Amino acid sequence: MVEATHRAPRVSWRAVIVVAAALVYAWIASGLRPFTHPEAVAVGIPIIAAGVAMLLPGRRPGQAAAPESRRGVLVWRGLLAAFLIWELISYRSSPREDFPTFSSITDSIMSTHPGRFALFALWLAIGYGIFRR
Amino acid sequence: MSTSAVSYAIYAVIAASWVAWGVFTQVERPRYATLGSIVRGMMRHPLMRWAVWASWAFVGWHLFVRGRGAFK
């Protein structure tokens with residue numbers, strides 16, 4: 001009898017609950033108005049949590065990461081520089097209608113609750129991906 | 001072509017380049033550095049780790065708390 005040696009990855013209940021909780025949190029936080037204390041608290045909690053996560057010990061000994069390739073890093077730097085330079089040119093130019101900045105573009109996306117929720121959830125997901133230990 | 005159309009087009013080209021290069025590096029990994037591998041490398045350095053955290057925090061605070069008026 002042939003036994004399968006490769007199992008499909010299973011999604012744990014813990015992961016489902018964490019994702020659901022994060023989405024609920026993002027929906028509530030994205031419903032709060034900018035320039036208010038509740039919104040500052042809602043954004044501040046993940047920021048502080050990420051900061052605390054960075055203070056915790058990271059990988060266990062013996063789990064050292066494999067060396068990563070450096071090929072293509074220059075392209076990434078070039079793409080980041082292109083974005084930052086154009087953002088700076090747009091920021092220093094006017095009127096804003098002719099020279100939109102990243103913020104003004106995201107403002108139009110965030111003019112609705114679903115759009116604001118999508119960006120908040122994306123921001124949380126990026127933070128989780130970076131700062132999980 | 002209006003100035004705003006050119007501005008949006010430049011952002012679109014930059015965004016498309018990010019996506020295209022991101023997909024290429026994912027397909028060609030580990031030969032090429034992915035964005036994830038670069039960030040992982042930065043997180044190994046104590047100072048760069050906090051720079052990544054500050055950048056992420058700034059984006060969140062600027063977009064959701066302060067809005068576009070943060071620098072006005």
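**Reading a predicted two-chain model**

User: Is Ile17(A) buried or exposed, and how do I tell?

Analyst: Compare the relative accessible area with the cut-offs: over 50% is exposed and under 20% is buried. Ile17(A) has a relative accessible area of 54%, so this residue counts as exposed. Keep in mind that the model is predicted. In chain A, Ile17(A) sits in helix α1, residues 13-30.

User: Which residues form a nonpolar patch on the surface with Ile17(A)?

Analyst: A patch is a group of accessible side chains, and nonpolar ones are joined within 5 Å. Here Ile17(A) is grouped with Val11(A), Trp13(A) and Val16(A), and together the four have about 490 Å² of accessible area. For the chain as a whole, about 9700 Å² is exposed, of which carbon and sulfur atoms supply 68%.

User: How many helices and strands does chain A have?

Analyst: Count the elements, then read their order. Chain A contains 5 helices and 0 strands, and from the N terminus the order is α-α-α-α-α. Of its 133 residues, 31% are buried. Among contacts in chain A with a separation of 6 or more, 55% are between residues 24 or more positions apart.

User: What span should helix α2 of chain A have?

Analyst: The check is length against residue count, at 1.5 Å a residue. The 19 residues of α2(A), 37-55, should span 27 Å, and the end C-alpha atoms lie 26 Å apart, so the two values agree. Helix α1 of chain B, residues 3-28, can be read in that way too: its 26 residues reach 37 Å between the first and last C-alpha, close to the expected 38 Å.

User: Where in α2(A) does a kink lie?

Analyst: A bend is read as the angle between axes fitted on either side of a residue. In α2(A) there is a kink of about 25° at Gly44(A), shortly before the proline Pro46(A). Both Gly44(A) and Pro46(A) are on the list of buried residues of this helix, which also includes Ala40(A), Val43(A), Ile47(A) and Met54(A).

User: What covers the buried residues of α2(A)?

Analyst: To answer that, look for contacts in both chains. The cover includes α1 and α5 (113-131) of chain A, along with α2 (35-43) and α3 (46-66) of chain B. Helix α1 of chain B gives a second case: its buried residues include Tyr11(B), Ile14(B) and Trp21(B), and what covers the buried residues of that helix includes α3 and α4 (102-109) of chain A.

User: How many salt bridges does a search of the whole structure find?

Analyst: The test is a Lys or Arg side-chain nitrogen within 4 Å of an Asp or Glu carboxyl oxygen. The search finds 2 over all chains. One is between Glu39(A) and Arg116(A), at 2.4 Å from N to O. Glu39(A) belongs to helix α2 and Arg116(A) to helix α5 of chain A, so the pair ties together parts 77 residues apart in sequence. Both Glu39(A) and Arg116(A) are buried.

Glu28(B) and Arg31(B) also form a salt bridge, with their closest N and O atoms 2.5 Å apart. Glu28(B) has 24% relative accessibility and therefore counts as partly exposed. Arg31(B), at 44%, counts as partly exposed.

User: What is Glu68(A) in contact with, leaving aside its neighbours within four places in sequence?

Analyst: Setting those neighbours aside, Glu68(A) is in contact with Ser37(B), Arg40(B) and Arg44(B). The residue is found in the loop between α2 and α3 (73-92) of chain A and is partly exposed, at 31% relative accessible area.

User: Which backbone details are worth a look?

Analyst: Start with omega, then phi. The peptide bond from Ser94(A) to Pro95(A) is cis, with omega near 0°, and Pro95(A) is placed in the loop between α3 and α4 of chain A. In chain B, Arg29(B) and Pro30(B) are joined by a cis peptide bond with omega about 5°; Pro30(B) is in the loop between α1 and α2 of that chain.

For phi, see Phe35(A), which is not a glycine yet has a positive value of about 65°. Phe35(A) lies in the loop between α1 and α2 of chain A and, at 53% relative accessibility, counts as exposed.

Note on methods
Residues are numbered from 1 along each chain as its sequence is written. Chains are lettered from A and ligands numbered from 1 in the order in which they are written. This is a predicted model: local features need pLDDT of at least 70, side-chain atom pairs count only at pLDDT 80 or more; totals for chains, interfaces and linings use all residues. Side-chain values use heavy atoms; hydrogens and water are left out. Patches are made of residues with over 30% relative accessible area and no salt bridge: like charges are joined within 9 Å, nonpolar side chains (Val, Leu, Ile, Met, Phe, Trp, Tyr) within 5 Å. Accessible areas come from the Shrake-Rupley method with a 1.4 Å probe; for residues, only the protein chains shown count as cover. Helices (H or I, at least four residues) and strands (E, at least two) are DSSP runs, numbered from the N terminus. Buried means under 20% relative accessible area, exposed over 50%, partly exposed in between (1.4 Å probe, protein chains only). The expected span of a helix is 1.5 Å times one less than its number of residues. The bend at a residue is the angle between axes fitted to the seven residues ending there and the seven starting there. Contact means heavy atoms within 4.5 Å.
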